[in-house]
Structure formats: structure tokens, C-alpha cells
Amino acid sequence: MDMSLDADAMDNCCDLWVTHPGTDREPEIPQDTNKPKCKPTCLQGLCAFFRSLYDISLFKEPIFYIVLFTGLCQSVGHNIVIIHSVKRGREFGISSTFSSLIPALMGLSQLVGRPVWGALGSTHTIKPYVIYAVAMAICGVSSIISIYEISFAAQLTFIILFGIGIGGYIVFIPVVLVYFVGVKRMGYGMSCVWQVHGVVGLFIGTLSGWMRDNSGSYAGVFWLAGVSLIVGAIAALMLPVVDKIVQRNRRTFDDVDGKVEFQGGNEELLVAECMTSI
């Protein structure tokens, strides 16, 4: 009997403690379950989707934009040769049967060239960006020479050299990315480079066809292909130079007496800010 009275008394005390306005504990306010929840905006959703596809830190690296530019140059030259080499062979007087062999030999030479370039890179005697540049230069120079050598044997020689060069720079795109941006960001970098390849490929066929129709020959088209690849090779050779400039002028902070100091002159600070704000 005493235990039941004590239990009732405790229940009454608990009720007073929760509901009485004079107690220390504030009454619980019921939440409105029908109140709509805040939803992310479309812009926030797009930003989250973009971050899931790309590593944002890559776009703060000037060196990465140069790698993308080399990919753009490759796509211009590569697509022009693939699209127009057969038709140009017919204009040179080569039969349709033999002209169709030109892109086939390009694919075979690329297949053979890839392991050769890979073995050359595995020796670690030549910097990867140098091999990357040489492969693009081979494609560019052979494209320009092919404009003036119209025989079937010359066209076969051109396309074999071009295919070997393609095998080289395709193999060394991931190697160059690892060399300059690190292995952790290589996958994101590769996807961006190949997206540039694809986007440029959508337009370069139409542009090169328009150039052919207006000029009446494929000379200007293949000059565009050759110059693009040579410019890409020069840009690849500039990769270590730009990397050294960025590293030398990057901000170095030292926390001295609660103050942040920059090691270097004002000119270096301006260069670093310009390079990292791209």
C-alpha cells in the first residue's frame, strides 16, 4: 500500500514539473510535422553534381589548363586526318580501294606504337612530357609533309608515322597528368582531357569541311592539323617551365607572432595570384 501511494505521488510530481509554468523546466513545444522542409536549390544541386564528377582543385592549377590545351590540339589534328585522309587520297589520284587502306594502316601502326612508347617511358631516361611532345610533333610534321607528297607510298608513310605518334601521346596523357598533378587526381584529369577531345571533335569536322569547300583543296585543312599538333607539342614542353614558375611564386605562409608573412616580393605575390585565379 505504501509503495502504491509513493508511485502515485511521484506521478503527480512529474506531471506538475512538466506542465506547471513556475517550474524550472520549460514545457515542450510540439513540432509541426506538416511544415515543409527546406529543399536544395537547382544551383546547389548542379554544384553538388559538378563536384561529384570533377576535382575542383584541378581547376586551380595552371598546369592543368595547359594539359587540356594539348588535348584540344590533339583532337583538332586527329579528327581532321581521320575524316579527310581517304577523300584526299582520291583527289591525289589514288583509287578508292587503296585510299581505304590509309586509315586502316593508321590504326595498325597506332596499335604497334603504343607498347613501343610504353617501353620507352619505362626506361625513365626521358621525361614523360618530352616523349609526349615528341609524339605530337611527329604527327604534326608528318601531316604538313603529306600535303606535298601525293604518291600512294608517301601517303602510307605519312599515315604510319601519324599512327605511331597517336599511340605515343595517347599512352602518355595519364603519365603526364600523374607527373604534374599527382596520381590521386589523375582519373579526374583524364576524364576532362577526353571530354575536351570529344567536344572539339563535334565541331572540327564541320569546320574542316567548310574550309575544304571554300578553298577547293585539303591543303589548308591539313596545315591546320599539322600546326595544331606542333603548337600542342610546344605547349607540352612548356609544362615544366610553368610548373616551376607556379611553385616558385606560390604563397608560403609562416605564422610568426600571430602574423602571416609572405616570403617574396610584391611582384611575386601578384604573379602567384594571377596564376592561381584562373
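This report describes how helix H9 packs against helices H6 and H10 in a predicted model, and then turns to the surroundings of Ser146.

## Packing of H6 against H9

Helix H6, which spans residues 128–145, and helix H9, which spans residues 219–237, have axes that come within 8 Å and cross at roughly 165°. Since angles over 145 degrees count as roughly antiparallel, H6 and H9 are therefore roughly antiparallel to each other, and their crossing is left-handed.

On the H6 side the contact is formed by Tyr129, Val130, Tyr132, Ala133, Met136, Ala137, Cys139, Gly140, Val141, Ser143 and Ile144, which meet Phe222, Trp223, Gly226, Val227, Leu229, Ile230, Gly232, Ala233, Ala236 and Leu237 of H9. Sorted by class, this contact of H6 with H9 comprises 17 nonpolar and four polar residues, with no charged residues.

## Packing of H9 against H10

Helix H10, covering residues 239–249, packs with H9 at an angle of about 35°, and the two axes lie 4 Å apart. Ala235, Ala236 and Leu237 of H9 make this contact with Leu239, Pro240 and Val241 of H10, and the residues involved divide into six nonpolar, no polar and no charged.

## Surroundings of Ser146

Ser146 is located in the loop between H6 and helix H7, the latter running over 152–181. With a relative accessible area of 2%, Ser146 falls under the 20% cut-off and is therefore buried.

The side chains of Ser146 and Arg88 are joined by a polar contact of 3.1 Å. When neighbours within four places in sequence are left aside, Ser146 is in contact with Arg88, Phe92, Gln155, Phe158 and Phe222; Phe222 is also among the H9 residues that meet H6.

Note on methods
Residues are numbered from 1 along each chain as its sequence is written. This is a predicted model: local features need pLDDT of at least 70, side-chain atom pairs count only at pLDDT 80 or more; totals for chains, interfaces and linings use all residues. Side-chain values use heavy atoms; hydrogens and water are left out. Axes are lines fitted to C-alpha atoms, for helices over the stretch in contact, and angles run from 0 to 180 degrees between N-to-C directions. Helices (H or I, at least four residues) and strands (E, at least two) are DSSP runs, numbered from the N terminus. Angles under 35 degrees count as roughly parallel, over 145 as roughly antiparallel, 65 to 115 as roughly perpendicular and the rest as oblique. A crossing is left-handed if the near helix is turned anticlockwise from the far one by less than a right angle, and right-handed if clockwise. Contact means heavy atoms within 4.5 Å. Ala, Val, Leu, Ile, Met, Phe, Trp, Tyr, Cys and Pro count as nonpolar, Asp, Glu, Lys and Arg as charged, and the others, Gly among them, as polar. Buried means under 20% relative accessible area, exposed over 50%, partly exposed in between (1.4 Å probe, protein chains only). A polar contact is a pair of N or O atoms within 3.5 Å; within protein, one must be able to donate a hydrogen and the other to accept it, and residues adjacent in sequence count only if both atoms are side-chain atoms.
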